[in-house]
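Let's take a short walk through the charged pairs of this protein. Open your viewer, show side chains as sticks, and follow along.

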Amino acid sequence: MATSPSQRTIRAYRRLAKPLAALMKATRGKAAGPVGPATVARCNAVIAAANAVFARESDFGRLPSLPAQAPLSAIDLALVVDELAIAALRFEERYPELDSRAPSALPR
């Protein structure tokens, strides 16, 4: 069984869950076409936060940042957000105490 994460990790995970839930909601719409630089920057911030939270999990791997200047479609963004959501759900399954104080912001 995995040891419990530190309080710092739990707080960092809860901070990550809110913007990740917002990205998930945004990618579930019928949006199409290119993704703007502000959205790419925000997604990169969430990726950096996820990499920091999951750094001690050897089987999670690191998610690469999205290229700022390369064209990115809404489908590309949805795939990246899905990878983040899967990692977050795996983290919640590994550490059930994450849900002890507050419900998950991620839809199940």
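Is R28 buried, partly exposed or exposed? Select R28 in this predicted model: its relative accessibility is 48%, so R28 counts as partly exposed.

**Stop 1: from R28 to D82.** Keep R28 on screen and add D82. Their side chains meet in a salt bridge, with 2.9 Å from N to O. Now zoom out to see what this pair links: D82 sits in helix α3 (residues 74-94), while R28 is in the loop between α1 (7-27) and α2 (37-53), and the two are 54 residues apart. D82 is partly exposed too, at 28% relative accessibility.

**Stop 2: E57 and R94.** Next, select E57 together with R94. The closest N and O atoms of this salt bridge are 2.4 Å apart. Because E57 belongs to the loop between α2 and α3 and R94 to helix α3, the pair ties together parts that lie 37 residues apart in sequence. Turn on the surface here: E57 counts as buried, at 9% relative accessibility, whereas R94 is partly exposed, with a relative accessible area of 27%.

**Stop 3: R90 and D59.** Stay in the area and select R90 and D59. This salt bridge has its closest N and O atoms 3.0 Å apart. R90 is in helix α3 and D59 in the loop between α2 and α3, so parts 31 residues apart in sequence are tied together. Both partners are partly exposed: R90 has a relative accessible area of 32%, and D59 has 40% relative accessibility.

**Last view.** Select E57, D59, R90 and R94 at once: salt bridges that share partners join them into one network. Across the whole structure, a search finds 4 salt bridges.

Methods
Residues are numbered from 1 along each chain as its sequence is written. This is a predicted model: local features need pLDDT of at least 70, side-chain atom pairs count only at pLDDT 80 or more; totals for chains, interfaces and linings use all residues. Side-chain values use heavy atoms; hydrogens and water are left out. Helices (H or I, at least four residues) and strands (E, at least two) are DSSP runs, numbered from the N terminus. Buried means under 20% relative accessible area, exposed over 50%, partly exposed in between (1.4 Å probe, protein chains only).
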